[in-house]
Each structure stands twice: as C-alpha cells, then as structure tokens.
Amino acid sequence: FPSHDTQFYDVEIATGKKATDQSDTQISISNTLVNNGTFNAALLPNTITYNGTTAQTVLPTTYYNLTIANGVSATLGGNATTLNTLTLSDKFLTTGSYKMTMGISGVVSRTTGFVKGTLEKPLTAAPSLFEVGDTFYAPVTVSSTGLTGEVLMAAKPTTGNALGSVLNQTAKSNVYWNLSKSGTGSITDYTASFDIANQYRDWE
C-alpha cells in the first residue's frame, strides 16, 4: 500500500499475492478487508481504520495501529493483535469467541468506547488496565508480583450472575469477569480490581 491516506470500499489480497503497509500509511476500509494471500500490516508504523456505516468484520491479523470508527458494529473475525495503539474513541470492538491481544507497549485509546469481550495484555511491572465491557463498561486492573518472562492475562466480562456464586445475591454487581493467564513466564501472585458504575450494582 502507498505511503499516504487512502479510503477503500473493499480490499482483497488475492491468492499468491502479498501486500505490505508502508510507513505512515493510513488505510481506511468502509466495507471488507479480505486476505487470501499474505498481508503484513505490522512491519512498519501504519494505521488500518474500519469506518463503515454498516456492520464490519475485522480481519484477524496483526496490526501496528488499529482504529475502530464504525458506529454500527465491528466484530473480530478471529484472534487479532495490535502492537501499538488500538483507537476506539466512542466506538466498540466486539470479540465474540475470539480475543484482541495488545503488544507489550500497546495502548488502548478511548473515550466511552471499549472492547466488548476478551482483551489480552502482557503483564508488566506496572498495573495493567483492561478496557473491557459487555452491555456496559466494566474495566479490570491487574497488578502482579514476581513477574518473570512473558505472562499474558486475558479479561472478559459477562453481564449477569456467575453460576455457583457464593456472593450475597442482594449485594452484588450485575456482571462477572473471567481472567485467564497464559505465556511462557510466571508470576508469584496477582490482584485484580473491578470497576462498574453505580447504576449497574444491586446495592445502594
């Protein structure tokens, strides 16, 4: 792709063909991005933007920068990774049964938008904020101790009551979270803090 801002309706990389985003390229897709060949969107600093006005499927690949500017629906078509910046602003990225993984220096830029589903991040010495939600924003902050090597943590909130919960059912939130750890490294322990707005709690 050329090194300038370009708006496309559809983009398809044909079988046997290769496409590489150049440095400072900004590619906007208003309909579909299909890869039947080789697509490299992470080699150089660039941005892929999904800005359609109807529902879009986000290509499962590794992005350098990814921007969701679709106000209708943007859903992952498979597991994807963003190395640098995932920009949501006031939009949402739905993961379904898949996950969005951030790079070690990756950040999520948002105002009221969030990842609807599973967001995975590498743990660092600093607390990690997971900008996730389901029917509403329900972020998680994870702090770890004794971190060695690469440890990934995935967070997914679900609206409703956790099955088998021993919590007081009159003093609970209307959402529960699943946290899962992976990677070749290890941690000694971790703590997680969960945050939801008052209107989504069952207590005063």
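Phe92 stands opposite Phe114 of strand S12, in a model that is predicted, in which local features need pLDDT of at least 70, side-chain atom pairs count only at pLDDT 80 or more, and totals for chains, interfaces and linings use all residues. Residues are numbered from 1 along each chain as its sequence is written, and side-chain values use heavy atoms, with hydrogens and water left out. Strands (E, at least two residues) are DSSP runs numbered from the N terminus, and two strands pair if DSSP finds at least two bridges between them.

Strand S10 (residues 92-102) and strand S12 (residues 114-122) run parallel and are joined by six bridges. Strand S10 is also joined to strand S9 (residues 80-89), again in parallel, by three bridges. Within S10, Met102 is the bridge partner of Thr82.

Met102, located in strand S10, has a relative accessibility of 2% and therefore counts as buried; the term buried denotes under 20% relative accessible area, with exposed over 50% and partly exposed in between (1.4 Å probe, protein chains only). Contact is defined as heavy atoms within 4.5 Å. When residues up to four places away in sequence are not counted, Met102 touches Thr82, Asn84, Leu86, Val107, Val108, Leu119, Glu120, Lys121 and Pro122. Thr62 and Met102 are separated by 40 residues in sequence, and their C-alpha atoms are 9.6 Å apart in space.

Glu120 belongs to strand S12 and counts as buried because its relative accessibility is 4%. Its side chain makes polar contacts, each being a pair of N or O atoms within 3.5 Å; within protein, one atom must be able to donate a hydrogen and the other to accept it, and residues adjacent in sequence count only if both atoms are side-chain atoms. The side chain of Glu120 makes one such contact with the side chain of Thr101 at 2.8 Å and another with the side chain of Lys99 at 3.1 Å. Among the residues that Glu120 touches, not counting those up to four places away in sequence, are Met100, Met102, Phe130, Leu152 and Ser182.

A further element is an open sheet of three strands in the order S13-S15-S18, with antiparallel pairing. Its edge strands, each pairing on one side only, are S13 (128-130) and S18 (189-194). From one strand to the next, the twist averages 20 degrees, where axes are lines fitted to C-alpha atoms and angles run from 0 to 180 degrees between N-to-C directions. Six bridges connect S18 with strand S15 (residues 140-145) in the antiparallel sense, and Val142 stands opposite Ala192 in S18.

Terms used. Helix = DSSP H or I, 4+ residues; strand = E, 2+ residues; numbered from the N terminus.
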